[in-house]
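Please find below a colleague's note for a reader new to this structure. The points concern one helix and a set of charged pairs.

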Amino acid sequence: MTWVWECGCPCLCLSQTAAVRPHAVAAVLRNITFTLERYDSFIELQEKLHQNVCRKRTLIAIGTHDLDTISGPFTYTAKPPGDICFKPLNHAKEYTAQELMSLYKTDSHLRHYLHIIEDKPVYPVIYDSNGIVLSMPPIINGDHSKISLNTKNVFIECTGTDLTKAKIVLDMMVTMFCEYCEEPFTKEILSADFINRKVGISESTEHIAQLLTKMCLRSEVTSDGEQIEVEIPPTRSDVIHACDIMEDAAMAYGFNNIPRTTPRTYTVANQLPLNKLSELLRQDLAAAGFTEALTFALCSQEDIADKLLKNISETRACHISNPKTAEFQVARTTLLSGLLKTVAANRKMPLPLRLFEISDVVLKDETKDVGASNNRRLCAVYYNKSPGFEVIHGLMDRVMQLLEVKPGQGNGYHIQAADDSTFFPGRCAEIFARGKSIGRLGVLHPDVINRFELTMPCSALDIDIEPFL
């Protein structure tokens, strides 16, 4: 789509402004004719965009200037408040940026935007080639370049923290007022054959134009009868390619009305073996009297380390760089902590409590391109007045029976005593299957019980089920 405007600085991201408002886009409306009504509408549109899409100028700030009063190229930079000095809009006196911030603290309109930059060490500012200040976004424009009813060429700049939003806002401003330019915007042209081929229909050019018009994309058939001229309204910032127009035509036609066709390439869907195994185990564990739980994949560092009497550095945990809450700091490395928190939340339920979960844990893995890997595990807990080690041991035997692994060394399974800080000394065993360690079972350490705010003994089983695929 081509518009009658030219960019003064299509997209800027400078090191000076990176910490304040890193992005800037700009355009020029040439040979525009303002009436009082158009002028008022232009200013009102700017304010409406500031309040919604621009999120009260926190994302984007719009500046409009009389291009004939300034000269390019324009410079977008950031300076200390004391180094910025200019006449703000509708003022005859020059102020420094510091003075302006004090001045506008009592202004009913602008005081709501001061917090966006007032604590920053530098403020963003736009200069023309003669050093004239165009604006100090997102607060105020300069008085020198203010637009009026006599303005013929308008320079529009949008600065902000979101480049995509900046482009959308700029497109809306330009599109909605380009019609008042001497040479208005042009239209997107595409063929009916393109739409028919992509959607899988065979409609006439006239009917497709009607469908697009029904979707608020005003369309007309060209003189040759083959092409369709489509006018894109400014509210449709999502239309950036002919494919977007084709999608609207398909929606207007009705997806259910598109003829069903057999794909040229035959594919047969199938359940992932790991998911199939997990589903089969879930059914049999439920049949064994255990209730399935579904816990959060994210948890606190304390849940997988301190409460389980382990050091966080030994857990291979993937940390969230900017956690919003202390409850979700890391990706879980074990299912046990989630089950124990579930038990703690259901202590009033009749005893014994038998819970299990079959889900993924996330572990650091330097061999993977993303630095981490998922691991499907099975965890179960038994909470009662007595530890119930024999119950959890019996569950392990049942799982091995279901997996068709017989007791014994070599290709079978066996357990042997192990030391693990999470479990009670002398009440912990490591589980081996087909010569490989797959997990542990045992009675939990009393300190672990206390740290999860439990009052009775608990035994647990935690195994990796991926080796059995």
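1. Does Arg218 count as buried or exposed? At 54% relative accessibility, Arg218 counts as exposed; the term applies over 50% relative accessible area, buried applies under 20%, and partly exposed lies in between (1.4 Å probe, protein chains only).

2. On the basis of the note: this is a predicted model, in which local features need pLDDT of at least 70 and side-chain atom pairs count only at pLDDT 80 or more, while totals for chains, interfaces and linings use all residues. Residues are numbered from 1 along each chain as its sequence is written, and side-chain values use heavy atoms, with hydrogens and water left out.

3. Arg218 pairs with Glu231 through a salt bridge, at 2.9 Å from N to O. Such a bridge is a side-chain nitrogen of Lys or Arg within 4 Å of a carboxyl oxygen of Asp or Glu. By this rule the count comes to 17 salt bridges. The pair of Glu231 and Arg218 links distant parts of the chain, 13 residues apart: Glu231 is in the loop between strand S12 (227–230) and helix H6 (242–253), and Arg218 is in the loop between helix H5 (205–214) and strand S11 (219–221). Helices (H or I, at least four residues) and strands (E, at least two) are DSSP runs, numbered from the N terminus.

4. A second salt bridge joins the side chains of Arg282 and Glu292 (2.8 Å, N to O). Arg282 belongs to helix H7 (residues 273–287) and Glu292 to strand S13 (residues 291–292), ten residues apart. Arg282 counts as buried at 18% relative accessibility, whereas Glu292, at 40%, is partly exposed.

5. Helix H7 also takes part in a salt bridge between Asp284 and Arg398 of helix H10 (residues 389–402), so parts 114 residues apart in sequence are tied together. The N to O distance is 3.7 Å. Arg398 is partly exposed at 32% relative accessibility, and Asp284 is partly exposed at 26%. Elsewhere, Asp303, Lys307, Glu327 and Lys341 form one network through salt bridges that share partners.

6. Helix H3 (residues 163–178) has 16 residues and reaches 22 Å from its first C-alpha to its last, close to the expected 22 Å; that expected span is 1.5 Å times one less than the number of residues. Its buried residues include Ala166, Ile168, Met172 and Phe177. Among the elements covering the buried residues of H3 are helix H1 (36–51) and strand S9 (154–160).

Methods. Contact = heavy atoms within 4.5 Å.
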